[in-house]
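Please open the structure in the viewer and keep the sequence alongside. The tour below proceeds by selection, one stop at a time.

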Amino acid sequence: MPLPQRARLRWELAIVLALSFGYAGARAIITILERLAQDTALENQTATIHRPLSSQQYFDLAYQLLGIIGGLAPVALVVFLLWRTQRPHLGDLGLGARRDAGTRPADPSSFAPMRSGRGWPWLSETGNGFVLAAVIGIPGLGFYLFAKWIGINTTVVPTTLDAFWWTVPVLILQALRAALSEELIVVAYLFDRLKRLGVGPWATIIASALLRGSYHLYQGFGGFIGNVVMGVVFGWAYQRWGRALPLIVAHLLLDIVSFVGYPLALALWPSLFG
């Protein structure tokens, strides 16, 4: 790639990250430093993911929906940047039909319209997403409890939203926003751009995993470590399959269980979250 194009690509990458998870990572680093500067031990502090934005029900709903739309703006940007004129339009983001539904491409650049009569590959991709969710979610809960027990993590509260008729649908939308934005930017977009810049597969996987961990530092060092491990697993899966859908499905399932299941888990096992 000519040097002017490489420089332009680096600037593009920097701008996208500054508008999304690079900014979130920098803010999370400041947050963890502020937490460490407090007199209260880290394990006695609380990190809330979703909180009310207004004391009035429908203004809160409006703010929540506006936040979801705003959070998807960087996703729209990377879709615009990587859009292909030919089908599959989102092949560089690991979405759309592929050349042969019976194979697993090593990278998204091998995508092309799927041949007729090959079945529905999205079913197997969705199944892979369920497997990934189980691989990450079950050990992840145990690691969270361990990290809190040894004092390197806060108490993570997924939501403190009041119980309105719209609460569960909004939490599901929040989970979808997080799944789309993180997997399409931190994995699919980042993998494509770093590959074009000549970065190797494992260096890309590690860079993606560290970025994922950085913007979870506000939860504590356990949140950082756990999400780096998740990033390595997701990055390896994307490198192997070349598909973003399994990652999106897995992330969506994990967040729905976390956001919607938290109040139920708190009621049944309050000692786990104390």
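Select W149 first: in this predicted model, W149 has a relative accessibility of 69% and therefore counts as exposed, the cut-off being over 50%. Add F146, which is partly exposed at a relative accessible area of 42%. The two residues are three apart in helix 5 (residues 121-149), so about one helical turn separates them. A search of the whole structure finds four aromatic pairs. One of them is formed by F146 and W149, a tilted pair with 6.2 Å between centres and 45° between planes.

Next, display F191 and Y238. Their rings form an edge-to-face aromatic pair, 5.4 Å centre to centre with the planes at 90°. Because F191 belongs to helix 6 and Y238 to helix 8 (residues 221-241), the pair ties together parts 47 residues apart in sequence. Both F191 and Y238 are buried.

Now select helix 6 as a whole, residues 167-196. Of its 30 residues, 21 are buried, so that the helix is mostly covered. Its end C-alpha atoms lie 42 Å apart, which agrees with the 44 Å expected for 30 residues at 1.5 Å a residue. Centre the view on L190 to find a kink of about 35° in helix 6. Beyond helix 6, G198 has a positive phi, near 90°.

Finally, colour the segments that the unreviewed UniProt entry annotates as "transmembrane region": residues 61-83, 130-151, 221-238 and 245-269. Residues 130-151 are 91% helix and 0% strand, with end C-alpha atoms 31 Å apart. For residues 221-238 the figures are 100% helix, 0% strand and 25 Å between the end C-alpha atoms.

Notes
Residues numbered from 1 in each chain as written. Predicted model: local features only at pLDDT ≥ 70, side-chain atom pairs only at ≥ 80, totals over all residues. Heavy atoms only, no water. Helix = DSSP H or I, 4+ residues; strand = E, 2+ residues; numbered from the N terminus. Expected span 1.5 Å × (residues − 1). Bend = angle between axes of the 7 residues up to and from the residue. Buried < 20%, exposed > 50% of the residue type's maximum accessible area, 1.4 Å probe, protein only. UniProt positions renumbered as here; feature names shortened; annotations may be inferred. Phe/Tyr/Trp six-rings, centres within 6.5 Å; stacked < 30°, edge-to-face > 60°.
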